[in-house]
Amino acid sequence: MTSFRLSDEQRELRDAVRELARERIAPRAAEIDRSAEFPWDLKELLATQDILGLPYPAEYGGLGGDLLTCCLAIEALSAACATTGLILAVHELASLPIVMAGTDEQKARWLPDLAAGRTLIAFALTEAGAGSDAGSIATRAVRDGDGYVLTGTKRFISHGSVADLVTVFAVTDPAGKRNRNLSCFVVERGTAGFSVGRLEHKMGIRGSPTAELMFDDVRIPATNLIGAEGEGFALAMRTFERSRPGIAAQAVGIAQGAIDIAAKYATERIQFGRPIGEFQMVQGLLADMDAATEAARSLLYTACAAIEAGDGDAGRWAAVCKLVAGDAAMRVTTDAVQVLGGYGYLDEFPVERMMRDAKITQLYEGTQQIQRLVVARSLLAAHR
Amino acid sequence: MRIVVLVKPVPDTTGQERLGPDLRVDRAASPTVVNANDEYALEAALKLREAAGEGSVTLLSMAPDTAPDTLRKALAMGADAGYLVSDPALAGSDALSTARVLAAALGRIDHDLVLAGADTSDGGSGTVAAGIAALTGLPYLSYAAKIEPDGASVRVRRISPTGYDLLEAPLPALVVATQALGEPRYPSLRGIMAARSKSIVTWSLADLGIDGSTVGGTVATTRVLRAEAPPARAATRVIREPAPVAAAQLVEFLVERRLI
């Protein structure tokens with residue numbers, strides 16, 4: 001089994017992102033949550049500090065960071081603000097189809113601006129009727145001369161309203177076999193017929209705009225097709241192999257942020273004449289929070305190393321780390337609220353926000369139930 | 001324009017600073033960072049290089065041999081290279097020894113402008129830069145709020161109790177930076193990666209042609225006699241009200257004490 005060991009460079013990059021997150025991002029987190037406005041200033045900060053360039057190949061102006069390095073950055077950002085951590089995670093998610101399956105021309109056309117953070121990109125797979133069942137997508141792309149015409153509506157699209165580019169998955173062969181009839185396209189903002197519909201009001205990651213995207217006879221050139229026709233579903237699944245660890249990293253970061261608040265509070269809050277951290281019931285909560293987070297982190301880093309090393313079971317690694325980290329984040333943040341008692345329930349402390357933010361890591365990029373399906377299928381296949 | 005910035009690794013002031021039995025800062029007790037005021041000097045140097053579109057920014061430091069790890073962060077901010085004078089004989093150096101060693105090192109680095117921070121958060125004498133200027137004969141322009149080099153000379157706005165003094169000196173010159181020059185940047189990730197391959201040259205006293213018995217703790221002209229913790233401060237009252245209410249409470253507070 002491939003194991004991980006952080007290099008000196010990874011440690012330095014992580015520490016730099018941590019410092020930036022502590023000093024520049026954490027102070028903005030409560031306001032971002034309250035106003036539910038996309039933090040353009042922090043997106044700029046991530047671009048200026050080259051954080052958005054981490055996942056891109058050096059030849060396109062990126063830093064060529066491996067999966068673990070990207071996850072270290074998402075984790076460090078998310079410990080301060082889950083919405084900001086998601087800026088990097090979504091940027092990477094939506095770029096992956098181009099990075100993995102794009103032609104040299106397509107990469108040269110889109111990746112340099114994405115790596116520099118001059119443009120943002122969203123990933124449009126989900127529809128109102130196609131969530132966990134991604135194979136039931138209704139959006140159509142019909143070949144027409146030297147291009148395609150897209151029709152349909154996507155929903156729950158992170159960054160959908162702020163993105164300059166969208167990777168869209170649509171059915172190109174309605175008569176084709178399930179999961180072999182999808183194709184992936186890049187649609188640029190401003191293309192005629194492409195519009196943003198409703199913005200969702202969400203429980204958490206409130207600064208991250210979640211949009212409905214409408215495609216009404218949107219004509220795009222054939223050069224915007226990513227990979228071959230019919231490869232869209234497989235490409236989406238390969239994308240998740242590298243993007244789900246990013247969500248696991250967001251979960252670990254949120255959990256760590258909550259632990260740091262709860263542990264500090266436990267040393268300061270006096271009840272019965274002593275800091276509450278001296279009471280064993282509080283110690284038990286804190287210890288379990290710490291252990292769960294550390295376990296999730298170790299699994300995430302191991303998964304990153306395995307996926308990066310080309311492990312044949314990348315899908316399982318990605319699912320297993322998101323499953324464990326998402327559940328850990330939900331439990332840890334809930335317990336953090338418990339440690340803070342009534343104060344934890346107030347928006348004066350960040351733990352209630354972290355608890356709301358944690359929930360999404362159990363839902364998006366495949367619900368925990370879908371992750372379990374992936375893990376169980378892989379496990380059973382290995383023993384058949 | 002070739003700029004040399006003096007930087008010192010110091011104990012992280014956000015940690016618990018501890019004094020050793022010799023009443024000097026125990027440098028092993030807390031992590032080491034670039035002295036904050038030196039980061040302002042470095043930021044000013046980087047801005048000057050950017051504005052000129054050419055030139056170099058070189059770090060110069062005198063510190064224990066663990067310093068390269070700390071200097072790396074300054075390189076990550078954008079400095080081109082670093083020189084470190086490190087020698088066991090320098091332990092316990094006072095400001096005069098430090099100035100002598102750095103002055104000798106400066107003689108081996110091409111420079112048009114030398115920038116220094118106002119003082120350090122550990123020693124805090126704020127005299128090393130002036131000492132270097134005295135020893136090298138460089139014009140000394142202190143407390144700069146603005147630095148404007150112009151080919152053969154440099155013009156500096158020196159902060160004074162009544163405003164600014166406008167100073168001008170021929171290059172090369174030594175300028176002491178202040179926080180008025182602007183917040184230091186965060187190292188970018190690209191900068192951090194690039195810093196790993198930048199060079200830090202370490203010089204011993206022998207490399208600089210300095211006799212080890214003429215510098216360091218044994219010949220220090222200053223001695224630490226006593227160390228005292230600062231007196232405990234009375235409880236602080238923090239007003240967290242909207243501005244108009246806070247202003248009224250503040251005025252009331254000052255009036256009660258006959259301060260206004």
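In chain B, three bridges tie strand β7 to strand β10, and the two strands run parallel. One pair to look for here is B:Tyr140, which sits opposite B:Leu174 of β10(B). Keep in mind, as we walk on from this spot, that the model is predicted.

Strand β7(B) has a second neighbour. It also pairs with strand β8 (residues 153–160) of chain B, this time in the antiparallel sense, over six bridges. Here B:Pro149 faces B:Val154 in β8(B). Strands β7(B) and β8(B) form a hairpin with two residues between the strands, and in this hairpin B:Gly151 has a positive phi near 65°. So what makes pairings like these possible? Strands of a sheet pair through backbone hydrogen bonds, and they can do so either parallel or antiparallel.

While you are at β7(B), find B:Tyr143, which is placed in this strand. What is the sign of phi in B:Tyr143? Phi of B:Tyr143 is positive, near 45°, although the residue is not a glycine. B:Tyr143 has 18 other C-beta atoms within 10 Å, so it counts as partly exposed; the cut-off for a buried residue is 20 or more.

Now let us step back to the whole sheet. It is an open sheet of nine strands with mixed pairing, and the order in chain B is β9-β8-β7-β10-β6-β1-β4-β5-β11. Which strands form the edges? They are β9 (163–170) and β11 of chain B, each of which pairs on one side only. From one strand to the next, the twist averages 30°.

Following that order from β10(B), we come to strand β6. Strand β6 (residues 113–116) and strand β10 (residues 173–177) of chain B are parallel partners joined by four bridges, with B:Leu113 opposite B:Ala173. Just before β10(B) there is a detail in the backbone: a cis peptide bond links B:Leu171 and B:Pro172, with omega at about 0°. B:Pro172 belongs to the loop between β9 and β10 of chain B.

Further along the sheet, strand β4 (residues 56–62) of chain B runs parallel to β5(B), and five bridges join them. In this pairing, B:Thr58 has B:Ala81 as its bridge partner. Is strand β5(B) mostly covered or uncovered? Strand β5 (residues 81–85) of chain B is mostly covered, with four of its five residues buried. Another four bridges connect β5(B) to strand β11 (residues 200–203) of chain B, again in parallel, and there B:Val85 is matched with B:Trp203.

How does the chain get from β4(B) to β5(B)? Together with helix α2 (residues 67–77) of chain B, the two strands make a right-handed β-α-β unit. Eight of the eleven residues of α2(B) are buried, so this helix is largely enclosed by the rest of the structure. Among the buried ones are B:Leu71, B:Lys73 and B:Met77. After the helix comes B:Gly78, with a positive phi near 140°.

Two more helices of chain B meet the sheet. Helix α1 (residues 36–52) lies across β1 (2–6), β4, β6, β7 (140–150) and β10 of chain B, and runs at about 170° to β1(B). Helix α3 (residues 95–106) of chain B packs on the sheet as well, touching β1, β4, β5, β6 and β11 of chain B, and its direction makes about 145° with that of β4(B).

Chain B also meets a partner. Eight of its residues are in contact with eleven residues of chain A. On the chain B side, the touching residues comprise five nonpolar, one polar and two charged.

Let us finish in chain A, which has ten helices and ten strands. Its radius of gyration is 21 Å, close to the 21 Å that the globule rule gives for 384 residues, so chain A is as compact as a globular protein of that length. Along the principal axes, its C-alpha atoms fill a box of roughly 80 × 50 × 40 Å. Of the 384 residues in chain A, 53% are buried. One residue to look up is A:His159, which has a positive phi of about 65° without being a glycine. A:His159 is found in the loop between β3 (147–158) and β4 (165–171) of chain A. It counts as buried because it has 25 C-beta neighbours inside 10 Å.

Terms used:
Residues numbered from 1 in each chain as written. Chains lettered and ligands numbered in written order. Predicted model: local features only at pLDDT ≥ 70, side-chain atom pairs only at ≥ 80, totals over all residues. Contact = placed C-beta atoms within 7 Å. Nonpolar A, V, L, I, M, F, W, Y, C, P; charged D, E, K, R; others polar. Rg over C-alpha atoms; globule rule 2.2 N^0.38 Å. Buried ≥ 20, exposed ≤ 12 C-beta atoms within 10 Å, placed from the backbone. Pairing = 2+ DSSP bridges. Right-handed = clockwise from strand over helix to strand, strands pointing away. Axes fitted to C-alpha atoms, helices over the stretch in contact; angles between N-to-C directions.
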